[in-house]
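Got the model open in your viewer? Here's a short tour, one selection at a time.

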Amino acid sequence: MNNTEFIRKKPAIDLSYLTHDEFVSISGPATNVYNYDENFYSAYSFLIHHDKYKDRDILNPMSILSLVDDDYDYIDKVFITMDILRHCDTVILDDRTDDWKNSRGVLLELEYATLKYYNIISLSKLMNESEE
């Protein structure tokens, strides 16, 4: 048996347009979350108008994942989101609900961001500060 049969191929999505490593990414739960895409888009909309982030390049993983075929499975999408994170220095955690605490994808992204010494920012805290 050939050992390469057990090696998962990296999903084919072109992220070459990410030309620097100072992007901001949104991390939030998606699996089994009602209207998860709306959560990501509302977070994105908030961030592009926020004083601290309006001049930064914000990456919405849902926009990028919308480019892949429906036959991509959960693991394929995790590989893509991790590839997105390689180009970031800040992760905005969508913690408006507690769903993120049980999300394997979010926890993996946060672990990676912690190991890489990225800034991890609470979206709900940013929103509350904006209201004051």
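**Stop one: a charged pair**

Select Asp 94 and Arg 96: their side chains meet in a salt bridge, with 2.8 Å from N to O. Keep in mind that this is a predicted model. Now switch on a surface and look at the two partners in turn. Asp 94 is buried, because its relative accessible area is 7% and the cut-off for buried is under 20%. Arg 96, at 33% relative accessibility, counts as partly exposed.

**More charged pairs**

How many salt bridges are there by this rule? The count comes to five, so there is more to click on. Side chains of opposite charge can pair when their charged atoms come close.

Next, pick Arg 86 and Asp 83. Their side chains form a salt bridge at 2.6 Å, N to O. Is Asp 83 buried or exposed? Asp 83 is buried, with a relative accessible area of 10%, while Arg 86 is partly exposed at 45%.

Then move to Lys 54 and Asp 51, which meet in a salt bridge at 3.5 Å from N to O. Here Asp 51 is exposed, with 62% relative accessible area, and Lys 54 is partly exposed at 44%.

**The sheet**

Switch to cartoon and show the strands. Four of them make an open sheet, ordered S2-S1-S3-S4, with parallel pairing. Which strands sit at the edges? Strand S2 (58–59) and strand S4 (119–122) do, each pairing on one side only.

Zoom in on strand S3 (residues 88–93), which runs parallel to S4 and is joined to S4 by four bridges. For a landmark, label Leu 93: opposite it, in S4, stands Ser 122.

Now add helix H5 (residues 123–131). Helix H5 packs on the sheet, touching S3 and S4, and its direction makes about 55 degrees with that of S4.

**Helix H3 and a nonpolar patch**

Color H3 next. This helix lies across strand S1 (23–27), S2 and S3, running at about 125 degrees to S3. Tyr 74 is found in H3, which covers residues 74–85.

Stay on Tyr 74 and bring the surface back. At 32% relative accessibility, Tyr 74 counts as partly exposed. Add Ile 75 and Phe 79 to the selection, and you have the residues that, with Tyr 74, make a nonpolar surface patch of about 240 Å². That's the last stop.

Note on methods:
Residues are numbered from 1 along each chain as its sequence is written. This is a predicted model: local features need pLDDT of at least 70, side-chain atom pairs count only at pLDDT 80 or more; totals for chains, interfaces and linings use all residues. Side-chain values use heavy atoms; hydrogens and water are left out. Patches are made of residues with over 30% relative accessible area and no salt bridge: like charges are joined within 9 Å, nonpolar side chains (Val, Leu, Ile, Met, Phe, Trp, Tyr) within 5 Å. Accessible areas come from the Shrake-Rupley method with a 1.4 Å probe; for residues, only the protein chains shown count as cover. A salt bridge is a side-chain nitrogen of Lys or Arg within 4 Å of a carboxyl oxygen of Asp or Glu. Helices (H or I, at least four residues) and strands (E, at least two) are DSSP runs, numbered from the N terminus. Buried means under 20% relative accessible area, exposed over 50%, partly exposed in between (1.4 Å probe, protein chains only). Two strands pair if DSSP finds at least two bridges between them. Contact means heavy atoms within 4.5 Å. Axes are lines fitted to C-alpha atoms, for helices over the stretch in contact, and angles run from 0 to 180 degrees between N-to-C directions.
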